[in-house]
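Grab a pencil and work through these exercises with the structure open beside you. Try each task before you read its solution.

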Amino acid sequence: MTSSLLSVRNLTVEFATRDGVVPVIDDLSFDLAPGETLSLVGESGCGKTITALAVMGLIPSPPGRVAAGSISLAGEDLVQATDSRMREIRGNEVSMVFQEPMTSLNPVFTIGEQIGETLRRHQGLTRRQAQAQSVQMLDAVQIPLPGRRANDYPHQLSGGMRQRVMIAMALACRPKILIADEPTTALDVTVQAQIFDLMQALRKETEAAIILITHDMGSVAEMAERVVVMYAGRKIEEGQVDDILIRPRHPYTRGLIACVPHLLETVSSERPYLQEVPGMVPPLADFGFDGCMFAPRCDLVEESCWHKKPDVIQLTDSQSAACWNLQNSEVPVDG
Amino acid sequence: MADVAIETGTLLQMRDVEVCFSLKRSGLFAKPPLLRAVDGVSLSVGKGQTMGIVGESGSGKTTLVLAVARLVQVTGGQIDMNGVDLLGLSGEALRNERHNMQFIFQDPYSSLNPRLRAEKIVREPLDRLNIGSIRSRDERVRELFEQVGLRRDQLRLFPHQFSGGQRQRIGIARAIASNPSLVICDEPVSALDVGVQAQILNLLRRLQEQLGLTYVFISHDLGVIQHMCDDIAVMYMGKIVEQADRESLFNDPKHPYTRALLSAVPSADPNRRNRERRITIAGDPPNPINLPPGCRFASRCPLAEERCRVDTPQLGDVAQTHRVACHLVEKSN
């Protein structure tokens, strides 16, 4: 990766819990090129959102802190940046769309004021200019009657519209990176399709890079070019979306793809059982264990998996995985 | 729909079911506006089959199944189960019929009483409906725990000590405790993590085979519906717009709404992605109060014509097991 916009190196984020200090993000590295869409995938509790919060400089501290590693945005290390510098960056160069559009909008301000707030803070616009610009942004995210809607409060909007407002707010200052944390999980499929189309169109227009956090491989295929699969705070596989979908190498990635009933092109009367990934993500107390975190749930587990943490092995130019058993893992996925 | 009397093999038969809610009046003497959450729904569910109900939020899926379970006031129509007219029952007779139909809820966190131990939760329907001798109930609870894949040493734990998937297993054990013939599953996996969803879906399938259960299965996830259901009804704004067996519906969807819904699902299958341009339907569903005349989908339909805004299309057969309510689809008769 020669020209990366965001480069995360050996990031470790620790949280103080009742069971002691645990690495919630454990030695994570990835790059994001300008204008690229990267997806972070994994079950809940795998550290996807914490990664995003670390990039935004929003790790709640205490109990959390960035213990090691660097996050550089166009050469500037965000881990070392001061609070006031981070405030300049947030919402301006890097912005985030949260999962729940209802709880992330302020119920006592109109949406026009909320979009305008970012513009006034970062671009020094007057109230009136900011209002005019907010209306333009609402129009850009295809909200009908933007002039009138700008004076609405969040509760007057539907879920899909609220998420559009969040996107408008996030993109108001033309950030270089947009982080979307499960932007469509609370929405219906038809609305999800509208939001995805909108994000694609805006990305082309503003040339923002997108980090899409999701657990749905379908959304990944639809939206992203590259994918980082996370498990228990570690990166376990990375690669081009098409490669990963066709030839996933880590057993967890394979399980994640196979355990979901994907909508099939043609349906036959045959209905096999779904392939299960037994068990669940380990509790936080077990994070940081020197061995493969996935071993208890893995069907290819061997003795060595329990004793040493697998390194990330580069398999091709673009694909890498962290597993002790990669030579046995080349089973194609069906379904 | 042809008036087929309870044929053998039909467990549940709904005819023109209607559920109306009256809303707050706008003025002191104004008439309260009516919201037709379910409007003239007719469906029959075969024994041992899974009937899927899909639609966006607000389409009336949950209200319809709540009506079947007699948990909302039904304002019109008829619901028969095993030849018993459910809407005519009340008091003791209704309670006796309840052992035959049970519910699995969406949210395993709020649907279990946090103050009861797991064994007590599963045992509750047995106690309430007076099933089996008091002594045999303990044994039955243990058997149920085994059936849903929970361990015996978990019997005395409280709900908060279980994970989401395990809690849903408790919910399932409770639902099958009274040996029901019909189990209504209202989004049983949408609150669960992806990895756990597969475990619960497989469990539901396995139980259906072992116990001969009939499911009415609600989901907004078309992948799950395609995987689980034999027969599918697509609802929009309180009405069924299309109903067909699994293969006809997914291989040959007829209604523009069904097509839009299917094409909106992001797919990991590259063949499916490259083939078609997505049919996007703009906007949100219309306000359910004071609906305009004609087809309810007309305001968002890419193919709508003049007559769609005037006449309400009726559900008509396009094939033996395929019914569509759209003016633009050729009916077979």
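Below are six exercises on this predicted model, each with a worked solution.

**Exercise 1. Sizing up chain B**

Task: Work out whether chain B is as compact as a globular protein of its length.

Solution:
- Step 1. Start with the inventory: chain B has 10 helices and 12 strands.
- Step 2. Compare the radii. The globule rule gives 20 Å for 333 residues, and the radius of gyration of chain B is 21 Å, which is close, so chain B is as compact as a globular protein of that length.
- Step 3. Look at the outline. Along the principal axes, the C-alpha atoms of chain B fill a box of roughly 65 × 55 × 45 Å.
- Step 4. Look inside. Of the 333 residues in chain B, 45% are buried.
- Step 5. Check who touches whom. Take the contacts in chain B with a separation of 6 or more: 64% of them are between residues 24 or more positions apart.

**Exercise 2. A helix and its cover**

Task: Check the length of helix α6 of chain B (residues 194–211) against the expected span, then find what covers its buried residues.

Solution:
- Step 1. The helix has 18 residues, and at 1.5 Å a residue α6(B) should span 26 Å. The expected span uses one less than the number of residues, so don't multiply by the full count.
- Step 2. The end C-alpha atoms of α6(B) are 26 Å apart, which agrees.
- Step 3. Now find the buried residues of α6(B): among them are Val194(B), Ala198(B), Leu201(B) and Leu204(B).
- Step 4. Their cover includes α5 (164–176), β7 (182–186) and α7 (222–228) of chain B, together with α10 (251–258) of chain A.
- Step 5. See what comes after the helix: Gly212(B) follows α6(B) and has a positive phi, near 65°.

**Exercise 3. Following Phe217(B)**

Task: Decide whether Phe217(B) is buried or exposed, and list its contacts beyond its neighbours within four places in sequence.

Solution:
- Step 1. Locate Phe217(B): it belongs to strand β8 of chain B, residues 214–218.
- Step 2. Count around Phe217(B). There are 26 other C-beta atoms within 10 Å, so Phe217(B) is buried; the cut-off is 20 or more.
- Step 3. Setting aside neighbours within four places, Phe217(B) is in contact with Thr50(B), Met51(B), Gly52(B), Cys185(B), Met228(B) and Cys229(B).
- Step 4. Try one distance: Asp231(B) is 14 residues from Phe217(B) in sequence, and their C-alpha atoms are 10.0 Å apart.

**Exercise 4. Strands in chain B**

Task: Find which way the residues of strand β6 of chain B (101–104) point, and how the strand pairs with β7(B).

Solution:
- Step 1. Recall the rule: in a regular strand, side chains alternate between the two faces of the sheet.
- Step 2. Apply it. Met101(B) and Phe103(B) point one way, Gln102(B) and Ile104(B) point the other way, and all are buried.
- Step 3. β6(B) and β7(B) run parallel and are joined by 4 bridges, with Phe103(B) opposite Ile184(B).
- Step 4. For contrast, take β11(B) (316–319) and β12(B) (322–324), which run antiparallel with 3 bridges. These two strands form a hairpin with 2 residues between them, and Ala319(B) stands opposite His322(B).

**Exercise 5. Sheet edges in chain A**

Task: Which strands stand at the edges of the 4-stranded open sheet of chain A?

Solution:
- Step 1. Write the order: β2-β1-β4-β5, with antiparallel pairing.
- Step 2. The edge strands are β2 (20–32) and β5 (76–77) of chain A; each has a single partner strand, so one side of each lacks a neighbour in the sheet.
- Step 3. Zoom in on one pair. β1(A) (residues 6–17) and β2(A) are antiparallel, with 9 bridges, and Leu6(A) has Leu32(A) as its bridge partner.
- Step 4. Add the helix: α1(A) (residues 48–56) lies across β1, β2 and β4 (64–73) of chain A, at about 75° to β2(A).

**Exercise 6. Where the chains meet**

Task: Describe the side of chain A that touches chain B.

Solution:
- Step 1. Count both sides: 40 residues of chain A are in contact with 39 residues of chain B.
- Step 2. Find the helices. On the chain A side, α7 (189–206), α8 (217–223), α9 (241–246) and α10 each supply at least two residues, and α7(A) gives the largest share, 7 residues.
- Step 3. Sort by class: this side of chain A has 18 nonpolar, 13 polar and 9 charged residues.

Key. Residues are numbered from 1 along each chain as its sequence is written. Chains are lettered from A and ligands numbered from 1 in the order in which they are written. This is a predicted model: local features need pLDDT of at least 70, side-chain atom pairs count only at pLDDT 80 or more; totals for chains, interfaces and linings use all residues. Two strands pair if DSSP finds at least two bridges between them. Two residues are in contact if their C-beta atoms, placed from the backbone, lie within 7 Å. Axes are lines fitted to C-alpha atoms, for helices over the stretch in contact, and angles run from 0 to 180 degrees between N-to-C directions. A residue is buried if 20 or more other C-beta atoms lie within 10 Å of its own, exposed if 12 or fewer, and partly exposed in between; C-beta atoms are placed from the backbone. The radius of gyration is taken over C-alpha atoms; the globule rule is 2.2 Å times the number of residues to the power 0.38. Ala, Val, Leu, Ile, Met, Phe, Trp, Tyr, Cys and Pro count as nonpolar, Asp, Glu, Lys and Arg as charged, and the others, Gly among them, as polar.
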